[in-house]
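Me: Please take a close look at one buried polar residue and what surrounds it. Then carry on through the rest of the fold, as far as you can.

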Amino acid sequence: MRVRPPLVELTVARAKEFVREPEAIFWVFAVPIVFSIVLGFAFRAKPPDRTPVAVAIPAAAAAGDGSAAMAAMAALARSPFLAPRPYPEAAGHEALRTGKVSLLVTPGGGGSRGVTFEFDPTQPESRIARLEAQDALERAAGRADVVPVRAVEMTEKGSRYIDFLIPGLLGMNLMGTGIWSLAFSITNARSRRILKRLVATPMRRSDFLLAQIFARLVFLAIEVTLLVGFGWIVFGVAVRGSILLLLATCFLGAMCFCGLGLLIASRVTTLEGASGLTNLVMLPMWLCSGVFFSSDRFPAKAQPLIQALPLTALNNALRDIMNEAKPLSAVAPALALLAAWGVVSFAVALKIFKWK
């Protein structure tokens, strides 16, 4: 009977172990699809929601002195972006304070013929509501535009939120499955003293660690095809760049996070410890690496650190390939960063790995 090399035997064993874990299959294949369905439909192309705006009705309106307020209500209602609501003055201030409305409009405020706007300038929605309300009221008063403006709405594929989201979900999934699956499987084997038994076998340490990575890569093609194919079929998210470059980027990203997973599990002896270290490593990348929104939203001083994170590099490369059809030369710096993270983490894990 022909005996297969230890690396092959270990890889097959790890792949079978993964298949027999329904929870792992759910998190690897089902969770990204659920995320894309929920967020894809939540942020689908649709008319903008109207922003609630309060119009102060003076107490004298009951005596027939509310014509200015009613005229303001009618003018604001013509805007497709505003939802004007009448409020007594005191109630209008309370609604603004508690966030029920984004803007308080008081016609003839201060005894003048003009309008008083009250809003929170730190809230983007309030600033936009203020500009929309001013535009609607001035147009109702007969304003003539000095500069004719033609508006072109961007709704084509590649510019939608779902086009931004799918690469981010793909990167997040490659990170999660690479780190979680390896960190927990190795720690679990160590806590059950399985690793201690493997020491007595004719197996090199590198064979065991490489087998963990190769078993992860067995399911990589299915994982990428499932999520990218679902985005294409359901939401029309196309891969504008090279398919081969996309697969190579996913492969390199998976290898990078497998290396980080091995490093986390190299000395941890309990599942609680592995969970804590895994969350410590992954949480900053979940929040800062541009999965659900652009990492450019963070302050400039934090950008060097954020751009050095492996998930940031992976997400940027995936979006460059899928949405902008950039070539290898454009994404090479991001791929080099991923490779550096993977090589260093695997080398350190190989050096400090503890069997028991």
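**A buried serine and its setting**

Reply: Ser345 is buried, because its relative accessible area is 3%, under the 20% cut-off. This is a predicted model. Ser345 sits in helix H14. What does its side chain reach? The side chain of Ser345 comes to 3.1 Å from the backbone oxygen of Gly342. Leave aside residues up to four places away in sequence, and Ser345 touches Cys256, Gly259, Leu260 and Leu263.

Now the nonpolar surroundings. Helix H14 (328-352) is one of the elements that give two or more residues to the largest nonpolar core. That core has 59 residues. Within it, Leu170, Leu195, Phe208, Phe257 and Leu262 touch the most other members. Besides H14, the elements giving two or more residues are helix H6 (161-191), helix H7 (194-198), helix H8 (205-218), helix H9 (220-235), helix H10 (243-265), helix H11 (271-288) and helix H13 (310-324). H6 gives the most, 13 residues. In soluble globular proteins, nonpolar side chains tend to be buried together.

Another core lies apart from this one. It has 16 residues, including Ala75, Leu103, Phe117 and Ala129.

Turn to the sheet. How many strands does it have, and in what order? It is an open sheet of four strands, ordered E2-E1-E3-E4, and the pairing is mixed. Strand E2 (82-88) and strand E4 (115-118) are the edge strands, each pairing on one side only. From one strand to the next, the twist averages 25°.

Strand E1 (residues 51-57) pairs with strand E3 (residues 103-107) over three bridges. The sense is parallel. Val55 has Val105 in E3 as its bridge partner.

Two helices meet this sheet. Helix H3 (residues 67-77) packs on it and touches E1, E2 and E3. The direction of H3 makes about 165° with that of E1. Helix H5 (residues 124-140) lies across E1, E2, E3 and E4. It runs at about 165° to E4.

One strand residue rounds this off. Is Thr106 buried or exposed? Thr106 belongs to strand E3. Its relative accessible area is 12%, under 20%, so Thr106 is buried. It touches Ala56, Gly114, Val115, Thr116 and Glu118, again not counting residues up to four places away in sequence.

Methods: Residues numbered from 1 in each chain as written. Predicted model: local features only at pLDDT ≥ 70, side-chain atom pairs only at ≥ 80, totals over all residues. Heavy atoms only, no water. Pairing = 2+ DSSP bridges. Axes fitted to C-alpha atoms, helices over the stretch in contact; angles between N-to-C directions. Contact = heavy atoms within 4.5 Å. Buried < 20%, exposed > 50% of the residue type's maximum accessible area, 1.4 Å probe, protein only. Core = buried A, V, L, I, M, F, W, Y, C linked by side-chain atoms within 4.5 Å. Polar contact = N/O pair within 3.5 Å; in protein donor to acceptor, adjacent residues only side chain to side chain.
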